[in-house]
Structures are given as structure tokens and as C-alpha cells.
Amino acid sequence: MTIPENIQKLADELATLPSIGPRQAIRLAFYIAGEGEKKADSISRALSGLKTIGQCSRCHFYVFRADAAASASSLLCSICVDKTRDGSLLCILEKETDLISIENSRVYRGTYFVLGGPINDARAKGRVQKSRERLAELIARLTAGSLMEIIIATNPTTEGDLTAIVLKKELAPYAKKISRLGRGIPTGADIEFADEETLGAALENRK
Ligand SMILES: [Zn+2]
């Protein structure tokens, strides 16, 4: 039994996504094919829309790039340009989706920095991790003691804990206080999946 080539191609792409196995990819590809032309069009339009996504040059959150030619260094997200946000507070996160979760809790009015992943030197195997590069970039633009508080909001996982230790050590000179998102988020869980109330409480109970 051969799977039609176009369905197989879609399945191959889907299988490259996180937590989608090859069987699930095939199932999804058949499902989309079964939904007909309208569905295929709307999915491909949504995917094409991602071509106009850039990254904020300050916090690395994703941002709509209206002008395709705009240089990456000039892009700023709506939070970074918002003058009402407290620039003396900096919250450091592993991923963009963690930022969304913290924003949804509506407790925090400071600024952010997305590391792009945990810092785990053991796994780097000779190449510099993206998170390491970003930390170096952040440090390069900070001045000693200029921030009131840095809030480390890495996940309460082993990797998140190790990252928090590195961040605490390397960022100590730049803020009067360094805190970690309070407990309450279950150990081993992900900030992204914590509910708004739990996250809000974790922010208020930061130590
Ligand atoms: Zn930004």
C-alpha cells in the first residue's frame, strides 16, 4: 500500500514538529487531505503568514515584520516600545510562550528577555548555545546596578533550575535584586501550562 505522494510529503513535514510522531503525522496529513481544498488553503495561508514574522531586537519575542526589508536590528515588539512598562524590572524566560502566560496573569508590568531555551553547557558539544549567545548579548547592554530587579522565570525543571543558577551568578552585578519565580508551579511542570492564577501568585511570591 502506497500513500499518495502529496499526503506523504505533508506527513514528512508534520513529523518534524515537536511531539508529533510519524504515525500521528500520517493521521493528521490524511485528516487535512480529507477536509478538502478550503482547509488546505487556509492552512497554507496561515503558514505563509509566518514569513512576515521577525524577532524583537530587545527581548526576542516574535513581532510582525510589516516591511520585509526592515533590518532585524530595528524591530521592536509592542511591549518593548510601551513607555508605561517598568524598564527597571526585567523578567527572563526560556521561551516565547512563557511570556504569553506571564502576560495573561496580568500581574507583571516590567519588561522581558527570552533566552530561547535553557542553558545547559554539558549538551552544547562545542557549539555555543543560542541561550548562551543571548545571555552574552543581554549582559553587553546592561550596566552595573542599573536594574531594580531581575526576575528569573525559568521552568521548575532540572534544566530550568540549572539555568537559574547560571543566570543568578552572571547577572548579579546588574540588578539590586535577583528573584526567582515563586514556587507554586509544580516541580517538573512548565510555566507555559500553569494557569493564570497560579502564575500570578508565583509572581507575587517571588523570592
Ligand atoms: Zn521586545
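**Exercise 1.** Is Cys-59 buried or exposed, and what is its relative accessible area?

*Solution.* First, a heads-up: this is a predicted model, where local features need pLDDT of at least 70, side-chain atom pairs count only at pLDDT 80 or more, and totals for chains, interfaces and linings use all residues. Residues are numbered from 1 along each chain as its sequence is written, and side-chain values use heavy atoms, leaving out hydrogens and water.

Step 1: look up Cys-59, whose relative accessible area is 2%. Step 2: Cys-59 therefore goes down as buried (under 20%; exposed is over 50%, partly exposed in between; 1.4 Å probe, protein chains only). Step 3: try Cys-77, which has 3% relative accessibility and is buried too.

**Exercise 2.** Find the protein donors of the zinc ion and work out the geometry of its site.

*Solution.* Step 1: pick out the SG atoms of Cys-56, Cys-59, Cys-77 and Cys-80, which sit 2.2 to 2.3 Å from the zinc ion (donors are N, O and S atoms within 2.8 Å of the metal, 3.2 Å for Na, K and Ca). Step 2: check the angles among the 4 donor atoms, which run from 104 to 117°. Step 3: name the zinc site tetrahedral (four donors, all angles between 85 and 135 degrees).

**Exercise 3.** Trace the zinc donors along the chain.

*Solution.* Step 1: write down their spacing, C-x2-C-x17-C-x2-C. Step 2: place Cys-59 in the loop between strand S1 (53–55) and strand S2 (62–64). Step 3: place Cys-77 in the loop between S2 and H4 (DSSP runs numbered from the N terminus: helices H or I, at least four residues; strands E, at least two). Step 4: put them together: Cys-59 and Cys-77 are 18 residues apart, and the pair links distant parts of the chain.

Note on methods:
Four donors count as tetrahedral if all angles lie between 85 and 135 degrees; four count as square planar and six as octahedral if opposite donors are over 155 degrees apart and all others between 65 and 115; anything else is irregular.
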